Amino acid sequence: MFRTGSIGSVSPQVFDHKEARVRPSRVSAGLLVLLAVLLAGCASADGSKGVAIPDSPVGKQLRWYLEAVNRTPIAESELKEHLSQEFLEEIPPQKFNEIAQGLAKLTVDELSSTEPAELTGLTSIPLGQKYDTKISVGTDGKIDYLLFEPK
């Protein structure tokens, strides 16, 4: 699970599996899942396997992320353009880059829910590891929530 806060609403969020909704919680819980993803042996994949990513604020950020994980380290100035301030306070650029490097060539296998500010679906890396994935953006269009939960 890779999770962050929000610059728009300035409240941390975590994925609630029972209701499949974003719920307020502590950022540290997201960091633990994020570390679990790294320890699971994240490797690489390539893009979106023909899955249509919506042309919405969150879709644009997902496309950016899929591209950015393939060219780490990402400059702090670029991260500030795409990630909420609270996200970066909880997951600093160095940690973000370590995680992103482990998810190089991440592929979107399917999108099960598409809203203008939130996407839910399934992603994978070439080694075959699949992840339940959720990404959302705040009112400013910056990523305020990002989840990769090993399946």
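**Entry 1: terms and overview**

I note a cut-off before starting: a residue counts as buried under 20% relative accessible area, as exposed over 50%, and as partly exposed in between. I tried it on Lys105, which is partly exposed because its relative accessible area is 44%. The model I am looking at is predicted.

I then looked up the outline of the protein chain. I found 5 helices and 6 strands. Reading from the N terminus, I wrote the order down as β-β-α-α-α-α-α-β-β-β-β.

Next came burial and surface. The protein chain has 151 residues, and 47% of them count as buried. The area it exposes is about 7100 Å², with 52% supplied by carbon and sulfur atoms. I also looked up contacts between residues at least 6 apart in sequence: 58% of these join residues at least 24 apart.

**Entry 2: the cavity**

I searched for enclosed empty space. Rolling a probe the size of a water molecule over the atoms shows where such space is left. The count came to 1 cavity of 30 Å³ or more. For the largest cavity I noted a volume of about 50 Å³.

Which strands each supply at least two residues of the lining? I found strand S3 (107-115), strand S4 (118-124) and strand S5 (130-137). S4 gives the largest share, 5 residues. The lining includes Leu62, Val108, Leu111, Leu119, Leu122 and Ile135. Also among the lining residues are Glu110, Thr120, Gly121, Thr123, Thr133 and Lys134. Sorted by type, the lining has 6 nonpolar, 4 polar and 2 charged residues.

I picked Thr120 from this lining for a further look. Thr120 sits in strand S4. Is Thr120 buried or exposed? Its relative accessible area is 17%, under the 20% cut-off, so Thr120 is buried. Leaving out residues up to four places away in sequence, I listed what Thr120 touches: Leu111, Ser112, Ser113, Thr133 and Lys134.

**Entry 3: salt bridges**

Side chains of opposite charge can pair when their charged atoms come close. I looked up how many such pairs are listed as salt bridges, and the structure holds 9.

The pair Arg71 and Glu67 has its closest N and O atoms 2.6 Å apart. Arg71 is partly exposed at 32% relative accessibility, and Glu67 is partly exposed at 39%.

The pair Glu98 and Lys95 has an N to O distance of 3.5 Å. Where do Glu98 and Lys95 lie? Both are in helix H5 (residues 93-102), 3 residues apart, which is about one turn of the helix. I noted relative accessible areas of 38% for Glu98 and 27% for Lys95; Glu98 counts as partly exposed, and Lys95 is partly exposed too.

The pair Asp132 and Lys151 has its closest N and O atoms 3.7 Å apart. Asp132 lies in strand S5 and Lys151 in the segment after strand S6 (143-150), so this pair ties together parts 19 residues apart in sequence. Asp132 is partly exposed at 28%, whereas Lys151 is exposed at 63%.

I also wrote down a network of salt bridges that links Asp55, Lys60 and Arg63.

**Entry 4: Gln129 and the end segment**

I returned to Lys151 from another side. Gln129 lies in the loop between S4 and S5. How far apart are the C-alpha atoms of Gln129 and Lys151? They are separated by 7.6 Å, although the two residues are 22 residues apart along the chain. Apart from neighbours within four places in sequence, Gln129 is in contact with Thr123, Ser124, Pro150 and Lys151.

**Entry 5: backbone details**

I checked two backbone items. The peptide bond from Thr72 to Pro73 is cis, with omega near 0°. Pro73 is in the loop between helix H2 (57-68) and helix H3 (76-82).

The other item brought me back to Lys105. Lys105 is not a glycine, yet it has a positive phi of about 65°. I located Lys105 in the loop between H5 and S3.

Note on methods
Residues numbered from 1 in each chain as written. Predicted model: local features only at pLDDT ≥ 70, side-chain atom pairs only at ≥ 80, totals over all residues. Heavy atoms only, no water. Helix = DSSP H or I, 4+ residues; strand = E, 2+ residues; numbered from the N terminus. Buried < 20%, exposed > 50% of the residue type's maximum accessible area, 1.4 Å probe, protein only. Contact = heavy atoms within 4.5 Å. Areas by Shrake-Rupley, 256 points an atom, 1.4 Å probe, with all protein chains shown as cover. 1 Å grid on protein atoms, 1.4 Å probe; cavity = no way out; pocket = protein on both sides within 12 Å on 5 of 7 lines; lining within 4 Å. Points joined across faces, edges and corners; volume = space filled by probe spheres on them. Nonpolar A, V, L, I, M, F, W, Y, C, P; charged D, E, K, R; others polar. Salt bridge = Lys/Arg side-chain N within 4 Å of Asp/Glu carboxyl O.
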